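Please open the structure in your viewer, switch to a cartoon representation, and keep the selection panel at hand, since each stop on this tour begins with something to select.

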Amino acid sequence: MGTIVEYSTDKRSINAYPVRIISPPFPSQCCEFFSEQLGEIQEENGWPFVYQHCVLCGYTIRRFAPRDELLETVRSWRNPTRGEKKGEKTP
Ligand SMILES: [Zn+2]
């Protein structure tokens, strides 16, 4: 199964998960603070991933990582004030 995310600069972002998502092609500053997990952790070819979706701008990516790391990441999205995110890029 391929990705359900379509990246577009001229369409408005749409979250019709699990059918279809239209996302801006690039993240914004909001994405660090407003990202959420869409659906459950899934697998493609044995690789666990989650859809990471920003509720503000609609930016969505599939984040591939070991399951433990994904669970940790998803927890950090729900507690953005915890301030101990590792492996995140700095602006
Ligand atoms: Zn965003």
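Select β2 together with strand β3, residues 20-23, and you will have an antiparallel pair that is joined by three bridges. To look at one of these positions more closely, pick Asn15, whose bridge partner in β3 is Ile21. This is a predicted model, and what you see on the screen should be read with that in mind.

Now add β1 to the selection, which brings into view an open sheet of three strands with the order β1-β3-β2 and with mixed pairing. Its edge strands are β1 (5-7) and β2 (14-16), each of which pairs on one side only. If you ignore direction, neighbouring strands of this sheet are turned against each other by 20 degrees on average.

Move next to strand β5, residues 47-54, and strand β6, residues 60-64, which run antiparallel and are joined by five bridges. Within this pair, select Val50 and then Arg63, its bridge partner in β6. Between β5 and β6, which form a hairpin, lie five residues, and in this turn Gly58 is worth selecting for its positive phi of about 90 degrees.

Finally, clear the selection and display the whole protein, which has two helices and six strands, following the pattern β-β-β-α-β-β-β-α when read along the sequence. If you colour the 91 residues by burial, the buried ones make up 12% of them. For a contact map, consider the contacts between residues at least 6 apart in sequence: of these, 33% join residues at least 24 apart.

Note on methods. Residues numbered from 1 in each chain as written. Predicted model: local features only at pLDDT ≥ 70, side-chain atom pairs only at ≥ 80, totals over all residues. Pairing = 2+ DSSP bridges. Helix = DSSP H or I, 4+ residues; strand = E, 2+ residues; numbered from the N terminus. Axes fitted to C-alpha atoms, helices over the stretch in contact; angles between N-to-C directions. Buried ≥ 20, exposed ≤ 12 C-beta atoms within 10 Å, placed from the backbone. Contact = placed C-beta atoms within 7 Å.
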